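Colleague: Please give me a close look at the metal site, and then at what surrounds it. I'd like the cut-offs spelled out as you go.

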Amino acid sequence: MSDFRVYAIRYAERDAVRGEHFHGYDARAAEPHPTSYYVWLAVSDQHTVLIDTGIAPARAAGIAGLRYRTSPVNALAALDVTPDAVDHVILTHLHYDHTGTAHQFGNAKYVVQDAELGYWTSHWPARVIRESWLLEDEDLAHLQEAETDGRLLLATGDMTILPGLSVHLVGGHTAGMQVVRVRTAVGTFVLASDASHFYENIEDDRPFPILSTMTGTYGAFDRIKQLADSPDHIVAGHDPLVLDRFPRLTPDIAVIAG
Ligand SMILES: [Zn+2]
Ligand SMILES: [Zn+2]
C-alpha cells in the first residue's frame, strides 16, 4: 500500500486586510493581509484525490480584486492530472470557493459530510442571509444529482475514504466542515482548509470571522492538532505562507509531501 504525495495548488489571490480574517477587535485590523486560494491534490500509485475544487471561472470574473490565475482544472495539468483521472473529490465544505469546478470531474465520487449537505438543504440558509453569498446554487444542485446517481458519499464524522486517507468532521466554520488526514512518506498531514484559513488562526487560537459556532471553531483547532503528526504537518486553507513553509514545484504549487 503506497503513501500519498500531496500538493497545494494556488489558483488565485486577493488583497485583503487583517480585519477580514480575525474575529473581534484587532488593533491591526486595517493592515494588509492577502489571501490565497488553493485546491489540494493527493496522489498514490492507485488513486488521484482532489480536495476541494476552487472558484468557477464565471464566478471569479465577478469578484472585485481577485487575481484568478487559471481555473483549478487547468492548474492540475501542471501535475499531469486530467479531470477524468480524478477518482475522488473531497469537498471540505460547500462554500463557493471550494465547490466551483466540482461538476467537471465526471469520474469522481464526491465526499461531503452529511451535516454539511443537511445544513445547506435546510431552512437555515434562507434565514442567515448575510452568508447566502457563500453558496453557489448550481453547485448544490450538481451534488444532489450526484447523490441520485450514486456518486455522493455522505460522511458522518470520521470516515476512512481510502487506505491512508480519511475525513474528519470538525464543524466550527460551517455546520459540516471536514478536514482531510493523509498519510505520506514524511508523516501524516492534515489539510485544514477553512477550519484554519491562516496559520495564525490555529497557532494563536484566533477564529476567522465567518463561523457556524465559536466553540466548534476552537474545537476544530484542537482536533486538527490531534490528527496531525506535528504543527509542521498542518496545511492552512488560505494562507500565502503555505508556499513559503513548503518547497515549491512552481511559483504556485507547494509540495507538501513529494
Ligand atoms: Zn469557507
Ligand atoms: Zn474558503
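Modeller: Quick bit of vocabulary first: buried means under 20% relative accessible area, exposed over 50% and partly exposed in between, with a 1.4 Å probe and protein chains only. By that yardstick, aspartate 97 and aspartate 194 are both buried. Keep in mind that this is a predicted model, where local features need pLDDT of at least 70 and side-chain atom pairs pLDDT 80 or more, while totals for chains, interfaces and linings use all residues. Residues are numbered from 1 along each chain as written, chains are lettered from A and ligands numbered from 1 in written order, and side-chain values use heavy atoms, without hydrogens or water.

Let's start with the zinc ion (ligand 1). Its protein donors are His93 through NE2, His95 through ND1, His173 through NE2 and Asp194 through OD, lying 2.2 Å from the ion. (Donors are N, O and S atoms within 2.8 Å of the metal, or 3.2 Å for Na, K and Ca; water is not among the atoms, so sites may look incomplete.) Along the chain, the donors of the zinc ion (ligand 1) follow the spacing H-x1-H-x77-H-x20-D. The arrangement around the zinc ion (ligand 1) comes out irregular because its four donor atoms subtend angles of 87 to 167 degrees. (Four donors are tetrahedral if all angles lie between 85 and 135 degrees; four are square planar and six octahedral if opposite donors are over 155 degrees apart and all others between 65 and 115; the rest is irregular.)

Histidine 95 and histidine 173 link distant parts of the chain, being 78 residues apart. Histidine 95 sits in the loop between E5 and H3, and histidine 173 in the loop between strand E9 (165-169) and strand E10 (178-184). (Helices, H or I with at least four residues, and strands, E with at least two, are DSSP runs numbered from the N terminus.) Histidine 95 has a relative accessible area of 2%, so it is buried. Histidine 173 is buried as well, at 7%.

Now for the zinc ion (ligand 2). Here the protein donors are Asp97 (OD), His98 (NE2), Asp194 (OD) and His238 (NE2), at 2.1 to 2.3 Å from the ion. The site of the zinc ion (ligand 2) is irregular, with angles of 87 to 154 degrees among its four donor atoms. In sequence, the donor residues of the zinc ion (ligand 2) are spaced D-H-x95-D-x43-H.

What joins the two sites is aspartate 194: it coordinates both zinc ions, ligand 1 and ligand 2, which are 3.6 Å apart. Aspartate 97 lies in helix H3 (residues 96-99) and aspartate 194 in the loop between strand E11 (187-193) and helix H7 (199-203), so this pair ties together parts that are 97 residues apart in sequence.

Stepping to serine 193, we are in strand E11. Serine 193 is buried, with a relative accessible area of 1%. Leaving out residues up to four places away in sequence, serine 193 touches Trp40, Asp52, Thr92, His93, His98, Met177, Val235, Ala236 and Gly237. Contact here means heavy atoms within 4.5 Å. That list includes His93, a donor of the zinc ion (ligand 1), and His98, a donor of the zinc ion (ligand 2).

Asp52, also on the contact list of serine 193, deserves a look of its own. Aspartate 52 has a positive phi of about 70 degrees, although it is not a glycine. Most residues other than glycine have a negative phi. Aspartate 52 is found in the loop between strand E3 (48-51) and helix H1 (57-60), and it counts as buried at 0% relative accessibility. Aspartate 80 also has a positive phi, of about 60 degrees, but aspartate 80 counts as exposed, at 73% relative accessibility. The place of aspartate 80 is the loop between H2 and strand E5 (88-90).

Leucine 94 leads us into the nonpolar packing. Beyond its neighbours within four places in sequence, leucine 94 contacts Thr99, Val112, Glu116, Leu117, Trp120, Leu134, Leu135, Leu140 and Leu143. Leu94 is also one of the residues that touch the most other members of the largest nonpolar core, which has 38 residues; Ile9, Leu41, Leu50, Val89 and Phe105 are in that group too. (Such a core is a set of buried Ala, Val, Leu, Ile, Met, Phe, Trp, Tyr and Cys residues joined through side-chain atoms within 4.5 Å.)

For the wider setting, the protein has nine helices and 14 strands, and buried residues make up 55% of its 258 residues.
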